[in-house]
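Biologist: Thanks for sitting down with me. Could you show me the model, and then we can go through it together?

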Amino acid sequence: MVTITLKEILEKRGKSMYQLSKDTGIRPNTVGQWVNSPGTVKSITVDTLDRFCEALDCEIEDIIKHKKDALD
């Protein structure tokens, strides 16, 4: 399972979604989807990840987590 932890990173960095949108040039609706409804994000571009990482001074692994599903 893939989880997006952008909300937690924004909180740690003391940044708002609006500020992240301004810093990255990524539409506010897109940032909002990543923060408020991460389960609805269907595609992720390398460019978007790069912009988030640059603006937040973090690594991709800080934004996206992968956990293997337990086998029954």
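Biologist: Where is the place of isoleucine 9?

Modeller: Happy to help, and please keep in mind that this is a predicted model. Isoleucine 9 has its place in a helix that covers residues 6–13. That element is helix 1.

Biologist: Is isoleucine 9 buried or exposed?

Modeller: Buried means under 20% relative accessible area. The relative accessible area of isoleucine 9 is 6%, so isoleucine 9 is buried.

Biologist: How many Å apart in space are isoleucine 9 and valine 46, C-alpha to C-alpha?

Modeller: In sequence, isoleucine 9 and valine 46 are 37 residues apart. In space, their C-alpha to C-alpha separation is 18 Å.

Biologist: Which kind of pair do the rings of tryptophan 34 and phenylalanine 52 make?

Modeller: A pair of aromatic rings is described by the distance of the centres and the angle of the planes. Centres have to lie within 6.5 Å, and planes over 60 degrees apart count as edge-to-face. The count of aromatic pairs comes to one. Here the ring centres of tryptophan 34 and phenylalanine 52 are 5.0 Å apart with the planes at 75°, so the pair is edge-to-face.

Biologist: How many residues apart in sequence are the parts that this pair ties together?

Modeller: Tryptophan 34 lies in helix 3, residues 28–36. Phenylalanine 52 lies in helix 4, residues 46–56, so the pair ties together parts whose separation in sequence is 18 residues.

Biologist: And is phenylalanine 52 buried or exposed?

Modeller: Its partner, tryptophan 34, is buried with a relative accessible area of 3%. Phenylalanine 52 has 0% relative accessibility, so phenylalanine 52 counts as buried.

Biologist: Let's turn to the surface. Which helices each supply at least two residues of the negative patch?

Modeller: The negative surface patch is formed by Asp50, Glu54, Asp57, Glu59, Glu61 and Asp62. Glutamate 54 has its place in helix 4, while glutamate 61 is found in helix 5. Those that each supply at least two residues are helix 4 and helix 5 (60–63).

Biologist: Is glutamate 61 buried or exposed?

Modeller: Exposed means over 50% relative accessible area. Glutamate 54, with 62% relative accessibility, counts as exposed. Glutamate 61 has a relative accessible area of 52%, so glutamate 61 is exposed.

Biologist: One more, please: what distance separates the C-alpha atoms of lysine 42 and threonine 30?

Modeller: Lysine 42 sits in the loop between helix 3 and helix 4, and lysine 42 is exposed, with a relative accessible area of 76%. Lysine 42 and threonine 30 are 12 residues apart along the chain, and their C-alpha atoms are separated by 11 Å.

Methods
Residues numbered from 1 in each chain as written. Predicted model: local features only at pLDDT ≥ 70, side-chain atom pairs only at ≥ 80, totals over all residues. Heavy atoms only, no water. Phe/Tyr/Trp six-rings, centres within 6.5 Å; stacked < 30°, edge-to-face > 60°. Helix = DSSP H or I, 4+ residues; strand = E, 2+ residues; numbered from the N terminus. Buried < 20%, exposed > 50% of the residue type's maximum accessible area, 1.4 Å probe, protein only. Patch = residues over 30% accessible without salt bridge, like charges linked within 9 Å, V, L, I, M, F, W, Y side chains within 5 Å. Areas by Shrake-Rupley, 256 points an atom, 1.4 Å probe, with all protein chains shown as cover. Salt bridge = Lys/Arg side-chain N within 4 Å of Asp/Glu carboxyl O. Lys, Arg positive; Asp, Glu negative; His and termini not counted. Charge placed at Lys NZ, Arg CZ, Asp CG, Glu CD.
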